[in-house]
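This report describes one protein model in plain terms. Please look through the structure before reading on.

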Amino acid sequence: MKRLIVFLFLLIPAALVAETRVPTSQGEITLSFAPLVRETAPAVVNIYAKVVTQTRRRTPFMDDPFFERFFEGFGQQQPRVQNSLGSGVILSDDGIVVSNYHVVGQATDIRVVLNDGREYEARVLLGDRESDLAILQVEGVEDLPFLPLRDSDTVEVGELVLAIGNPFGVGQTVSSGIVSGLARSGGSNGRGGGYFIQTDAPINPGNSGGALVDMTGRLLGINTRILSRSGGSNGIGFAIPADLVAAVLRQARDGNDRFVRPWAGATGQAVDSDLAEMLDLDRPGGIILAGLHPASPLAAAGFEVGDVVLSVDGASVNSPGAMLFRMSVASASDTAQMARLRDGERTDLTVKLIPPPDDPPRAAVTLSEGTSLPGLSVARINPAVLAELNLPIASEGVVVMDAGPVGQRVGLRRGDVLQAIGRTKIESPQDAANALASAGRGTTVRALRGNSRIVLRF
């Protein structure tokens, strides 16, 4: 009988035995993130930035020919100081810090406060508005704690994460959650930055630029924005993936002061269920190309309008933003492998990763005093100008680079594509300069603004 009891005991699953075991340590009684916080928090800093802007006091009488003499000096520019508060993450022991562009991008005075209270001056090495990232150099430091970057493609939905930052300026704060989504758009206002890690870890104003870390202390991303109607955290926050941080960091270390993205020279749209049915695909996925610039590296590799881009370097792409993100993070290489679908046949093509060519020359012209629109700057459209101004890919001709003070008053804007001035068709920047120089007291400007035609008479 005793042998039978012993035999039955051995058949009890190990999991049941573990469930009934008495805890032997405090760690087995209480789940705690304290060891992880002790390891990672020193590498997250508070950032205080000061921006000096120039504003003008205006009155309705300032432009009146009679009353303007009474307001001489009234509209002089007045300096205005704006303070911003955010967070940052130390990426190397020599004081390289990453934060958000909207925190420090235009700052004239930046102070970095470490977890232990030490304060240092910092300067911006590289700022990129589109990705909302900025790389800083903290002056006069060494042997700082820093966080290693994690490969963004290894992140999975459901992973535990910590968000570390300085919300509302109350001091360094830690919140926990999970990765709740990947490859989110987050309502991005940039061309290549709409590709985020989504988390439900509470993120609030001041968390911008802070760290999203995994359970091994590696940096998953930089907290950048929330989705909220009230301005507070509703459990939907977005972080810029570490792979894009690494790409921006590489260019900062190479001496760039701005982030140069590989240029696709293409437009397209996501393949939804309707397009998938038209293309005889078994499921939606990929990007169908709707337009290609003649200088596009995709066109040079063999892509044509109507082809579907399925993946970049083995990673599926389901939106133009995803394709640009994949090209941006692959910029350490000279090429990327793209999968093309044409007539049901899949082919892998090698695409060169190049910046937008600044060719043909811009031949920029700025009008001098004494002309109709002094300070107006115009240039010939080329791929570099297309990318800089985010113009439609089919744009050609002459574009306004700077409207100047008078041009702004008559309604011109940066990015307007000039078609005609008076009766002169505009085909080069010099055409625009000559037409405005001989315009006399008034003329008419015809231009394209986006997809709309505008006519300005002054």
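Helices (H or I, at least four residues) and strands (E, at least two) are DSSP runs, numbered from the N terminus. With that naming, Asp-143 can be placed in the loop between β6 (133-138) and β7 (160-165). The model is predicted.

**The chain as a whole**

The chain has twelve helices and 25 strands. It is made up of 458 residues, and 44% of them count as buried. Its accessible surface comes to about 24100 Å², with 51% of that belonging to carbon and sulfur atoms. Taking contacts between residues at least 6 apart in sequence, 59% join residues at least 24 apart.

**Confidence**

The mean pLDDT of the chain is 84, and 83% of the residues reach 70 or more. Two of the stretches with weak confidence can be described here. Over residues 4-18, pLDDT stays under 50, and the model has one contact beyond four places in sequence for this stretch. Over residues 187-193, pLDDT also stays under 50, but the model has 19 contacts beyond four places in sequence there. Where pLDDT is low, the predicted coordinates should not be read in detail.

**Aromatic pairs**

How many aromatic pairs does the structure hold? There are two. The rings of Tyr-195 and Phe-325 have centres 4.2 Å apart and planes at 25°, and planes under 30 degrees apart count as stacked, so this pair is stacked. The pair links distant parts of the chain: Tyr-195 belongs to the loop between β8 (173-184) and β9 (196-199), Phe-325 belongs to helix α9 (residues 320-329), and they are 130 residues apart. Tyr-195 has a relative accessibility of 13% and counts as buried. Phe-325, at 2%, is buried as well.

Phe-196 and Phe-238 form an aromatic pair that is tilted, with 6.0 Å from centre to centre and 55° between the planes. This pair, too, links distant parts of the chain, with Phe-196 in strand β9 and Phe-238 in strand β12 (residues 237-241), 42 residues apart. Both Phe-196 and Phe-238 are buried.

**Helix α9**

Phe-325 leads on to the helix that holds it. Eight of the ten residues of α9 are buried, so this helix is largely enclosed by the rest of the structure. Among the buried residues of α9 are Gly-321, Ala-322, Met-323 and Arg-326. What do the buried residues of α9 pack against? Their partners are β12, α6 (242-253), β14 (287-292), β15 (308-312), β16 (315-316) and β17 (335-342). Strand β12 is also where Phe-238 of the tilted pair is found.

**Backbone details**

Two aspartates have a positive phi although neither is a glycine. Asp-280 lies in the loop between α7 (273-278) and β14. Are these aspartates buried or exposed? Exposed means over 50% relative accessible area, so the values in the table place both Asp-143 and Asp-280 in that class.

| Residue | Phi | Relative accessibility |
|---|---|---|
| Asp-143 | about 55° | 63% |
| Asp-280 | about 60° | 71% |

Another backbone detail concerns a proline. The peptide bond from Asp-359 to Pro-360 is cis, with omega near 5°. Pro-360 is found in the loop between β18 (345-352) and β19 (365-366).

**Ser-377 and its surroundings**

Ser-377 sits in strand β20 (residues 377-380). Buried means under 20% relative accessible area, so Ser-377, with 12%, is buried. Which residues is Ser-377 in contact with, leaving aside its neighbours within four places in sequence? They are Val-365, Thr-366, Val-399, Val-400, Met-401 and Asp-402. From Ser-377 to Pro-429 the separation is 52 residues in sequence and 8.7 Å in space, C-alpha to C-alpha.

**A pocket**

The second largest pocket holds about 370 Å³ of space. It is lined by 20 residues, and the closest to its centre are Ser-395, Glu-396, Gly-397, Val-417 and Leu-448. Strand β22 (residues 417-421) gives the most to this lining, with three residues.

Definitions and conventions
Residues numbered from 1 in each chain as written. Predicted model: local features only at pLDDT ≥ 70, side-chain atom pairs only at ≥ 80, totals over all residues. Heavy atoms only, no water. Phe/Tyr/Trp six-rings, centres within 6.5 Å; stacked < 30°, edge-to-face > 60°. Buried < 20%, exposed > 50% of the residue type's maximum accessible area, 1.4 Å probe, protein only. Contact = heavy atoms within 4.5 Å. Areas by Shrake-Rupley, 256 points an atom, 1.4 Å probe, with all protein chains shown as cover. pLDDT = per-residue confidence, 0-100. 1 Å grid on protein atoms, 1.4 Å probe; cavity = no way out; pocket = protein on both sides within 12 Å on 5 of 7 lines; lining within 4 Å. Points joined across faces, edges and corners; volume = space filled by probe spheres on them.
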